[in-house]
Amino acid sequence: MATQFEDRFMAMNVQAAAQFKTFQPTAMTFTKQSSCHVFCRRFFICILLAAVVILSSIVYAIYSYTSSLPDVCHSKECLRSAAAFKQNMDLNVDPCEDFYSYVCGNWADDHPRPERHGAYSWYDERQTRIYRNIRTQLEANSSRLDPKPVAQAKSMYKACLSEVNRERYGYTAVQRYLKEFDLPLTPTLLNHTKTSYRKYKYDWISSVAKIQRKLGLNVIVGFNIDQDHVDKNRNRLTLEYHYGPDELRFPAYEWSKLTAKTRNRRQAVRSSSEDTDESDDESADNEAGEDDEDEIDTSEMAESFARIIEAINPSIDTSEMDDKLKVLAERFAEFHQSLPKLVESEEEAKFEYYTVQELQNATDNHIKPKKPYPVWQRYLDVLFANQPDVKPSSDEQLQMTPENVEFLGKLIDVVSEKSPALIELYVWGTVTSFLVEHEFNDATLEEDCAQVVHKLMGLAVSYAIADKTFLERTKPRVEQMLTDIRNEFDQMVLETDWMDAYTKYESLEKSKAMKSLIGFPEWILDDEKLEEHYQGLQISPTHHVENWVTALEFMNTEWLRSWRVKNSKVWDMDPTVVNAYNIFERNAINIPVAIIQYPFYYLGLDALNYGALGEVLGHELTHGFDNAGRHYDKYGNEKRWWSNHTLQEYDKRAQCLEEQYSSYYFPEAKAFINGTLTLGENIADNGGLREAFRAYKAYVKRNGPEPVLPGFEDFTHEQLLFISFGNQYCETVSPAVAKYLVKDEHSPSKFRVLGVLSNMPEFGEAYQCPSGSKMNPKRKCRVW
């Protein structure tokens, strides 16, 4: 049995061994073909790995390179700014020698000065654009959704455009107004004999008061409304007369007399706000007579009288009246030149209070030994005849300066010696010129009619450009920009080493209290409030002259009543004006929506926005602390709140600026800049840009760096800020207007740029200007 088991076990081992042998590896035979196949496969793997490594390296290199490149802004605003800068700049000019020419050297090529403009700048171009938009709105048909004042503005515009209706109704309207003003259709001196006109009686006091009440036109005497210099919560009446040679021509009505004591950024001749074309043309026309502003061309005036008489009296032929009209012109000129001229004083105004009777006594004392000449109570009685509830009582005091009281005495002294017929001629000539020249001159042009409506119904016109989007998006950003600038100004005050602690504290308090009116009055978006504002105004679709005078009377009625109204945070500027103001008496700055547009804002980068609009904001803020604004405290009261030591140090630094700007020669005018006259604006320019520059640096620190401007990748943001600042002052000027500019309180645009930047070390560092170069002089001036 055991033997059988062993045999079976051995048999199984033999079988297993046999099976194991079948799995033994056989000897491999390597052929040439199989060896090449293996090598190629390995080589391919190596190449693939190498390619992956190289590709990865390339991708990494590209990533690293692109990561190191600055982010480029490709928004439409950035592209627009970049294109405009490229077109305007003259890169052949060394920015360290003449930065204005570097930035604005080619501006005139793409922005030719229109023939009717004596000067043309970004301000004028943007204002023209505003007027074009206004015209488009006025030309649109009225809708049932339009507030009533908006529809009335459109009706006024269409009536102005109708030459047929203006010719049909114009002269009869002028006849009616002359009768209302107690004036004849033709001057008494034209037809009366010496004997008859000596007996002629004419109440000129009543006549000029009626004219002022209806037209807002100062003739011989006038009035104004100012804040009380002690209590800014109330207004005061003042009697005055503002002499000006422009009053012999068509005098543009001021939209708001409240701006009489404001500091605006740009002079009237360059401002497009209300009288751009008129002022430019007049400035050019007056080139020959600038040396003697009182020189009157009596031949031209005689021709003007002929046109006026025929316009008012279509049945009269003046072709045979040449000699008489020449005499009229000569008598008119003699009267005008005999009036005293008010000399502006550089000293601080000192206001005093006078009752009407006290003013009359002062006038009578001045004209002694002549008999008393009652004028002031009579003038106010007629002026407020339609508004008895706001008429000043006999014991209420007017606010006057001693110089003004003396001037009025001189004025009445002269007028009291003139015959009533001669006084009538002067009043007649001034008023008819105002009415007829407006009615029959250039009002057929659509742009002119749009400007007329804009002047008379500014807030109704502003309704078209006011929108909630601005209030929700843009205004908060502009307010933040102003906050940044105010913070930097405050810090600059703290950093000064020439102000004592008390004056620093008071300056910071004034800065903190300064109000800002940005954009437009929000209530004009409320239809009911807008209609309430214009309640009582009647507009005809056909009678242009009546519309014009009615609107003037409406504005003057509101103006007369305002002296009884408590002062509040109100707008003093039309929102459609491309300008900005600082109202000293209110310690407030006005920044209309019209200036918050390209090229002052919406420039793509905040570096550019701070360089343009930021400088505007800083400029207006600094005005509150310039050589004039420093006389007003945080409440707008005119008082001395600076210590003697601080005043001396301030004047020392201001003197440096006076000398600097007085050294600038303006070749177009063949004259030097008046550094004393322009001091206030120069202080505001220098302080405004320095504050904007510092505010932008704080903005970057808070928000991080910005993208770069396309095409300007090699420029730093500091350089771009300075380019934006210079760009906003690009301008072309005719020789005639250039002569006028040197008499303005603003320096010509070129020197506003050169003067400011040459005083900033930051500019020299940004452009690496050598020390001693024109844009980086060793001596620099600085107040703020």
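How many salt bridges does the count come to by this rule? In this predicted model, the count comes to 27 salt bridges. Side chains of opposite charge can pair when their charged atoms come close. Several of these pairs are described below, after a look at the chain as a whole.

The protein chain contains 784 residues, and buried residues make up 53% of them. Its secondary structure comes to 31 helices and 12 strands. Contacts can also be sorted by how far apart the partners lie in sequence. Among the contacts with a separation of 6 or more, 78% involve residues 24 or more positions apart. The surface can be described in a similar way: the protein chain exposes about 36900 Å², and carbon and sulfur atoms supply 52% of that area.

A first salt bridge to look at joins two neighbours in the numbering. The side chains of glutamate 125 and arginine 126 meet with an N to O distance of 3.7 Å. Glutamate 125 has a relative accessible area of 17%, so it counts as buried. Arginine 126 is buried as well, because its relative accessible area is 12%, and the cut-off for this class is under 20%.

Another pair can be followed along a helix. Glutamate 139 and arginine 135 both lie in helix H6, which covers residues 122-139. They are 4 residues apart, about one turn of the helix, and their side chains form a salt bridge at 3.5 Å, N to O. Buried or partly exposed, how does each partner count? Glutamate 139 is partly exposed, at 40% relative accessibility, and arginine 135 is partly exposed at 30%.

A third salt bridge connects glutamate 659 with arginine 779, with 3.2 Å from N to O. This pair links distant parts of the chain, as the two residues are 120 residues apart. Glutamate 659 belongs to helix H26 (residues 644-662), whereas arginine 779 sits in the segment after helix H31 (761-766). The accessibility of glutamate 659 is 38%, so this residue counts as partly exposed. Arginine 779 reaches 54% and therefore counts as exposed, since that class begins over 50%.

Salt bridges can also join into a network, and one such network links Glu180, Lys214 and Glu553. Two of its members appear again where a pair of helices meets: Lys214 is in H11 and Glu553 is in H24. Helix H11 spans residues 204-215 and helix H24 spans residues 544-561. Their axes come within 6 Å and cross at roughly 100°. That angle makes H11 roughly perpendicular to H24, because angles of 65 to 115 degrees fall in this class. By class, the contact of H11 with H24 has 4 nonpolar, 2 polar and 3 charged residues. On the H11 side, the residues are Gln212, Arg213, Lys214 and Leu215. They meet Val549, Leu552, Glu553, Asn556 and Leu560 on the H24 side.

A last example concerns a single residue, valine 327. Where in the secondary structure is valine 327 found? It is in helix H14, which runs over residues 322-338. With a relative accessible area of 45%, valine 327 is partly exposed. Valine 327 and alanine 302 are 25 residues apart in sequence, while their C-alpha atoms are 8.1 Å apart in space.

Terms used: Residues are numbered from 1 along each chain as its sequence is written. This is a predicted model: local features need pLDDT of at least 70, side-chain atom pairs count only at pLDDT 80 or more; totals for chains, interfaces and linings use all residues. Side-chain values use heavy atoms; hydrogens and water are left out. Buried means under 20% relative accessible area, exposed over 50%, partly exposed in between (1.4 Å probe, protein chains only). Contact means heavy atoms within 4.5 Å. Accessible areas come from the Shrake-Rupley method with a 1.4 Å probe; for residues, only the protein chains shown count as cover. Axes are lines fitted to C-alpha atoms, for helices over the stretch in contact, and angles run from 0 to 180 degrees between N-to-C directions. Angles under 35 degrees count as roughly parallel, over 145 as roughly antiparallel, 65 to 115 as roughly perpendicular and the rest as oblique. Ala, Val, Leu, Ile, Met, Phe, Trp, Tyr, Cys and Pro count as nonpolar, Asp, Glu, Lys and Arg as charged, and the others, Gly among them, as polar. A salt bridge is a side-chain nitrogen of Lys or Arg within 4 Å of a carboxyl oxygen of Asp or Glu.
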